[in-house]
Every structure is written in structure tokens, then in C-alpha cells.
Amino acid sequence: MARQMTGAKMVVQALKDQGVDTVFGYPGGAVLPIYDEIFQQNDIRHILVRHEQGAVHAAEGYARSTGKPGVVLVTSGPGATNAVTGMADALLDSIPLVVLTGQVPTFMIGSDAFQEADTVGITRPCTKHNWLVRDTDALSGVLHEAFHVATAGRPGPVLIDIPKDVQFATGSYAPPVKGGPKRYQPQVKGDIETITELVEALETAKKPILYTGGGVINSGDAASQLLRELVDATNTPITSTLMGLGAYPGSGKNWLGMLGMHGLYEANMAMHDCDLMICIGARFDDRITGRIDAFSPHSRKAHIDIDPSSINKVVHTDIPIVGDVAHVLEDLLKIWKARGRKTDREALDRWWKQIDEWRAVNCLTYKTSDQVIKPQYALQRLEELTRGHDRYITTEVGQHQMWAAQFLTFDEPKRWMTSGGLGTMGYGFPASIGVQMAHRDSLVINVAGEASWLMNMQEMGTAVQFRLPVKQFILNNERLGMVRQWQELLHGERYSHSWSEALPDFVKLAEAFGAKGILCTDPKDLDDAIMEMIEYDGPVIFDCLVEKHENCFPMIPSGEPHNKMLLGEVSTKDAIKEGGAVLV
Amino acid sequence: MSALQIKKGSTKHSAYNLRPTFSDVIETHTLAVLVDNEAGVLARVIGLFSGRGYNIESLTVAEVDHTGHLSRITIVTRGTPQVIEQIKAQLGRIVPVHRVHDLTVEGPSVERELALLKVTGAGDKRVEALRLADIFRANVVDSTLDSFVFEITGAPEKIDAFADLMRPLGLLEMARTGVAALSRGATT
Ligand SMILES: Cc1cc2nc3c(=O)[nH]c(=O)nc-3n(C[C@H](O)[C@H](O)[C@H](O)COP(=O)(O)OP(=O)(O)OC[C@H]3O[C@@H](n4cnc5c(N)ncnc54)[C@H](O)[C@@H]3O)c2cc1C
Ligand SMILES: Cc1ncc(C[n+]2csc(CCOP(=O)(O)OP(=O)(O)O)c2C)c(N)n1
């Protein structure tokens, strides 16, 4: 029955019992007993990062690419505070994480002890839940509950703060209980009556659209499968948020591309003009809706979401369904089939004709060049040369992130890792490390901007130490490109502090870490250089010098509705009205 | 239609009010939140309100079930119907929260608050204060030659009214407990 062991041993035992194989962490005084236990076993790999923020983003990459929770272990005080950005990131993007922090001994809490911080206080608003464990006997229960809370319902990061005396003391260890603890059991089945109402709406819709998001990925592979079945069976057009790319294949025939601020023209126009919008696991983010009162004004809106607070938060929903995507889609398909697989085909044909006209605008067109590498061109070549590879993409934050979303194709879920909600520069590199840890033989590429990449460049040490052949594909415009673009459009081309000055020589930097560096400046050399990167068996920094003042289009200016989209070739001066300038 | 009631594990799915959710009318609602009585739970609730910019007009908390380790937090809040629905849904997301009751829409309820008021003065004012206290059924719980402490229980409006009357009569200090509320009838 209940075995006696130290708190530190319990941590390792619980991780094993929860099926954890990898922990990302950094040691310090308050977690030494746990590190001692890690030293004495071989089931769990510990990846020593170079900064705790890196540990959390790596765990996010691991989690998003596997569907399993990511695990982080850091020390008290600065270890915990360094992990805060990563947790805030995971909370906004619904990534399941279990973060373990050391704490000063219980009898010293509150005394401003060495490396004491109020970790549960600091992290309360950036975790789904957190615990301070004061009693070794309570530890195993909390550890198991933490895994349940992180993964059940809408996933998110949780934190357990473990004082050092609790790690040393002996207590009884209880193994996990099936189904998780009773007190947290989010509802997964949707209401059948409301689902039927949605089926009726789908049967008669003349201009339907599916607007899908990260919730489809969160729900698991079955959800993506069911989504594909639904699209194919009903011939409904489908778009997705940044977070949902890959749930429906980017090469699929009903795919309209990403929607939103930098989404595709056809996707945004279809959202604006549709008569039935079915939102599946997305949350009407302001990058999607633009001006709320002009957002898809003539549509009925259905919303499938596991989190009741997502529904009616931003946009009024006519058909609200609380439940897990896979469960709800399964019921929806069953009901739709049982009622005779009806759709308004004629209307759908007209709708598709309209959509094809929008598609013909070719909104991603850009001015090509044979003198300088256009960032879009670099991504098109990367796409072409890595197609067919077992490929995972992470990104940093900025223009390159948007171009990656526009120009790379994702045919499977969990292949695209990006910081959407918090928009954390410095996410992509450590995330690529986490992904590569989970998929040792796959091609893992971080599409980066030079400024973002520098924010966590210390993780080169991690990549080299653990022989992780992550490819850092840096679109180097020597600018904080996304900021510069806004300054151009919004602040009279006054480029206040949006230069990347004093940049390192990335090739030498790579070599200094014992990795490979590649510099590419000429479009003619690009293919060979990319091939060299792919074929090199080890981490690579690819410094791709690109056009410095390229803007990312299409773009819906802040405060404008979807059908007021800016396209690349048109004039963009004074496009953002004064009211929009206060929005971010 | 009843309001959004997030009971953990509930199979009641149609959780939404039929009232237009996006109206501008500001409403006052009394919410009863049943929570595990564990460290930090009140901070979670208060942090939610401050972090998301919701109003707290009044808040009371105390353990109501010692063996079950349950506390009841009663919150009086104001907002548009949409904001009120958000507040309830957000409260329901907090892991130690068991149930969120919106007493304002779930049928009739009783609300009571207790207040202590210190009133100083002499002569006519002192007599008038005592006379009014009697009308409001306030008790004198402390008295000196030039002060009274009154204890009054009632709906918050009654306490407001009493305090307004005491102000010109020498109200020096007041302490209020905040609202405690229960639904009427045999169910919870
Ligand atoms: C510079 C920059 C520009 C951006 N531009 C764009 C843009 O142009 N277009 C764009 O789309 N995004 C853009 N984003 C991202 C944007 O900020 C949001 O992160 C993103 O739109 C949110 O995606 P989502 O709605 O899919 O929600 P997510 O954050 O992925 O949330 C998932 C939703 O699904 C629900 N859910 C979770 N699990 C389940 C389940 N099992 N079943 C049912 N529901 C579930 C959750 O409750 C939540 O409501 C940009 C970000 C940055 C940094
Ligand atoms: C940590 C952090 N700080 C600041 C920002 C604001 N920001 C958004 S994009 C951006 C510029 C990114 O530059 P770079 O990484 O070079 O990418 P580019 O836009 O040039 O492709 C900045 C500063 C942010 N998102 N994250």
C-alpha cells in the first residue's frame, strides 16, 4: 500500500507514475534533494537548459508536439521568477505544463530568507492552478492532481512549490487514481439538443464557414480526424487561427488559409460575409475579430469550446456548445448523418464561386527580387526543400512568424509551435529544443527573427550539449521588423529604437558554441544553403540576410473590419485611423 | 432559463441566459461561491476580480462546513449582463471552486448585513440618535456619557439609510460585515 519515502523521492516517483520521460530544468539550493534523486535513476531524462525561461518554452514545445504535459524543475527565488514568462505564455496558449519549484524550508517562509520569493503569489495569475505543499504526506496527492488539472478541460500550466524540508522529510506515497481527483472534472460531452440545433443550421446554411483554433489541437488527434471528416462530408470552407494550423491540412481543397490580422484575404472575406460561422476551439481573439461591431455582421454564430468562459466573452454566440471538440464533433457528425446528410448544395456552389474570386486576388503576392532575398521567398524555398520531411516548425515572434504561417504548409496537427497569445520573443529557440527532445530523428526548424532569437540564444549550449540538431533559420532584417512596420504605418516612419544594432556574426557565434553557422545573402545561393542546413547532422544557425524594409501583408489595420484589409500592392499610408492607434 | 451555473461535473449544458447578453444596462448581482477552504483561495477570487477589472461592492467569507472544509464567499458585484456572465464563468474555472450561485437570478433570496456604528454627541442629538436606533431596531452595544455603539442588522439598503440618518447626529466610525445571502425555500 502506501509506501514511505522522502518528498524528493516522491517527486521522481510521481513523474514516473505519470509517464514522464523528460524534464527541463535548472538546479539550485532549494531543489538539491530532488536533483539528488534524479541523479540516482535512469528513467527520466533531465535536460539542463541555460536559463529557466528556456526550460519552460522547451517544455511547451515538447508538450505541443506530443500532446503530453511538459515538465519543468527549477529552484526557488530567481529560478521561479525566471520561469514566469513561460508560464504566462503557456496559460494564454492553453499548453499543459507541470512546473516544480523549490522553496525555502517551511519554517523560514516569510522571513525574507535567502532566495525566498512568494512563488505561489507571483504565479497565481499566470497558472491554471498552483500549490504550496507544506506537508510531505500531502505531496503525492498534489503531484497527481497537478497532472490532472494541467491536462483536463482547457489545458494550462500548473505549479507546485515544494519547500526544502518537505523534500527531505519522509511521508507516505500514494499512486495516481484513475480519472483524476473528483473536484476538477470539466464537462466534455456537448448538449445534444444544441448540437442538433447546429446541425439544422448547417443543413440550411447558404454561406457557412468553419473557424477553427488551437482547441482542435488541444482536443487530440481524433478531433483533427473528425474535423477533416466534417469538412469533406459537408464541403464547408474552413479557416483557422494561428494556433490551429495543421488540424485541417494546409494542402486540403477546402482550406482558405489562416484568418485574422495577417490572415488571407479569402479567409477574412469569407468570415465577414458568411451566414453561419462555426467556431471550433477558438476564442475570438482581437487579432481575429478586428472591430467587434463590424465583425461578421450577418452571420449566426455557433461556438464549441470546453471552457464556458470563452463563450460569449467577446462575441455574442447564438448556438453555444460547452464541450470537448472531439466529443462534440463525433455527436454532430452522427446527428448530421442520421438526418440524411443534408446541405444546400446549390447555395454552397455559389458560395465557393464567390470564394474562388477572392482566392484569385492572390493576396500573398509580393515583389520578387534577384538581388536580395525576400523573406517570403526564403520561406517558399524552405517549404519546397523540406516538403516530404518529417518536419516540425517553431517560430519566434514578429514578421517572420506571420510569413511562416502564410507560406509554410501544415498537413498534420502538432507540427507548428508558436507563441500566439502572449507573443513572446525568445519562445522559438527553446521550443525547438523541446520538440527535438521529443522527436529525435525529425527535422526541427525554428523560423526566427534575429532580435527574437537573441533573447534566448544562450540555449545554443543546451542544443550542443544534448546533440539536438535544431535548425535556427534566422530571417535577418537587422530590424525589429514588426515594430518597424507599425512605426512606418502608424508613427510617420519614425523608427524609434527598432534597429538591431551591434548584431553578432552569427556564423562565428555558432562556431563559438561548437555548432555550424551558415550565412546566406544571395537568392541564387539560397537553395544550396538550405540543403546544407538540412543535411548537417547537428545544430545550425542559418543567418539569412533578407530585405530590410519588407512589410507583412495582408494586414487588417487595428480598429478596422475584415473587409478593410490592406493588400501588399496598394498604398498603405495613413491606413490606420487615429482610434486604431491606441490598439496594439 | 436559469443563469450560468457551473457545477463541477454537471451534465446541465445549456448554461446561458436568454437575456440579451450584450446590453449596456449595469446590474447588481449577489453571487454565492462555494469553495474548498484552502490556503490562497480568497486571493484567487480577489485576484480574478482585480486582474480582469471586475467590481467588488461587497465580499464576505467564512467557513460554513468544518468537516467538509468548505467556505462560502458572498460577492456583490456590478456589471453588464455579459460581464456578470463572464464573472460567473471565470469563477467556475478556479479549481477549488465547487459551485457558483447567482442569487439575483436564481429566484428569491434573503440578504443580510451587520454593521456597528459609533455615534458621538450630547443633548438633543444624542436623544434623537437613540430614538432613530429604536425605529431601526438597532441595539446599543456600548455606551459612554458622550457616545453610543449601535449594532444593526438588515439588508444593505437599510444599513445605508440608518447610516445616512446618523451622519448629522455625530457618526464617527462605522464597520460593516458585507452581505451574507441565502436563497429562500427548501433548496440550496
Ligand atoms: C505578432 C502576432 C500576430 C498575430 N496575428 C494573428 C493573425 O493574423 N491571425 C491569427 O489567427 N492569430 C494571430 N495571432 C495569434 C493571436 O494572438 C491568438 O493567439 C490566436 O488567434 C488565438 O488562437 P485561438 O483562437 O485558436 O485560441 P487558443 O489560444 O488556441 O485557445 C483555444 C480555445 O479552445 C478552447 N479549447 C481548448 N481545449 C479544448 C478542447 N479540448 N475542446 C474544445 N475547446 C477547447 C479553449 O478554451 C480556448 O477558447 C498573432 C500573434 C502574434 C504574436
Ligand atoms: C519579449 C517581447 N518583447 C517585445 C515584444 C514586441 N515585439 C513584437 S515583434 C518585435 C520585433 C521582432 O523582431 P525580430 O525578432 O527581428 O522579427 P521580425 O519582426 O523582424 O521578423 C517586438 C519587439 C515582444 N513581442 N516580446
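How far apart do the end C-alpha atoms of residues 397-544 of chain A lie, and how much of the span is helix and how much strand? Keep that question in mind as you look through these close-up views of a predicted model.

**View 1. A stretch of chain A with a UniProt domain name, residues 397-544.** Here is the reply to the opening question: the end C-alpha atoms of this stretch of chain A are 17 Å apart, and the span is 41% helix and 17% strand. UniProt, in an unreviewed entry, lists residues 397-544 of chain A as "domain: Thiamine pyrophosphate enzyme TPP-binding".

**View 2. Two further annotated stretches of chain A, residues 5-120 and residues 195-332.** Let us begin with residues 5-120 of chain A, which carry the UniProt annotation "domain: Thiamine pyrophosphate enzyme N-terminal TPP-binding" from an unreviewed entry. This span is 43% helix and 20% strand, with 25 Å between its end C-alpha atoms. Now move along to residues 195-332 of chain A, where UniProt (unreviewed entry) gives "domain: Thiamine pyrophosphate enzyme central". Helix makes up 37% of residues 195-332 and strand 20%, while the end C-alpha atoms are 6 Å apart.

**View 3. Ligand 1 and the residues of chain A that come nearest to it.** There are 37 residues around ligand 1, and the nearest are A:G214, A:T241, A:R283, A:D305 and A:D324. Take a moment to look at the backbone here as well as the side chains. A polar backbone atom of A:L242 is 2.9 Å from an oxygen atom of ligand 1. A:G281 has a polar backbone atom 3.1 Å from an oxygen atom of ligand 1. For A:G421, a backbone N or O atom lies 3.1 Å from an oxygen atom of the ligand.

**View 4. Ligand 2 and its surroundings in chain A.** Ligand 2 is surrounded by 17 residues, and the closest are A:Q399, A:H400, A:G423, A:S452 and A:G481. One of these, A:Q399, has a backbone N or O atom 2.8 Å from an oxygen atom of ligand 2. At A:A451, a backbone N or O atom lies 3.2 Å from an oxygen atom of ligand 2. With A:M425 the partner is a nitrogen atom of ligand 2, which lies 3.4 Å from a backbone N or O atom of the residue.

**View 5. Where chain B and chain A touch.** How many residues of each chain are in contact here? Chain B brings 20 residues, and chain A brings 25. Together the two chains bury about 2100 Å² between them, with 53% of that on carbon and sulfur atoms. The interface also holds 3 salt bridges. For a salt bridge to find in the picture, try the side chains of B:D36 and A:R183, which meet at 2.7 Å, N to O. Polar contacts link 9 residue pairs between the chains, counting pairs with both residues at pLDDT 80 or more. On the side of chain B that touches chain A, α1 (41-51) and α2 (81-93) of chain B each supply at least two residues. The most comes from α2(B), with 5 residues. Sorted by type, the residues on this side of chain B are 6 nonpolar, 8 polar and 6 charged.

**View 6. The annotated part of chain B, residues 30-105.** UniProt, again in an unreviewed entry, places "domain: ACT" at these residues of chain B. Over residues 30-105 the chain is 32% helix and 41% strand, and its end C-alpha atoms are 9 Å apart.

**View 7. Two backbone details in loops of chain A, at A:P554 and A:N235.** The peptide bond from A:F553 to A:P554 is cis, with omega near -5°. You can find A:P554 in the loop between β20 (540-545) and α24 (578-581) of chain A. The other detail is A:N235, which has a positive phi of about 55° although it is not a glycine. Look for A:N235 in the loop between α11 (221-234) and β10 (238-240) of chain A.

Conventions. Residues are numbered from 1 along each chain as its sequence is written. Chains are lettered from A and ligands numbered from 1 in the order in which they are written. This is a predicted model: local features need pLDDT of at least 70, side-chain atom pairs count only at pLDDT 80 or more; totals for chains, interfaces and linings use all residues. Side-chain values use heavy atoms; hydrogens and water are left out. Contact means heavy atoms within 4.5 Å. Buried area is the accessible area (1.4 Å probe) that two parts lose on being put together, summed over both. A salt bridge is a side-chain nitrogen of Lys or Arg within 4 Å of a carboxyl oxygen of Asp or Glu. A polar contact is a pair of N or O atoms within 3.5 Å; within protein, one must be able to donate a hydrogen and the other to accept it, and residues adjacent in sequence count only if both atoms are side-chain atoms. Helices (H or I, at least four residues) and strands (E, at least two) are DSSP runs, numbered from the N terminus. Ala, Val, Leu, Ile, Met, Phe, Trp, Tyr, Cys and Pro count as nonpolar, Asp, Glu, Lys and Arg as charged, and the others, Gly among them, as polar. UniProt positions are given in the numbering used here, feature names are shortened, and annotations may be inferred rather than shown by experiment. A residue is near a molecule or strand if one of its heavy atoms lies within 4 Å of it.
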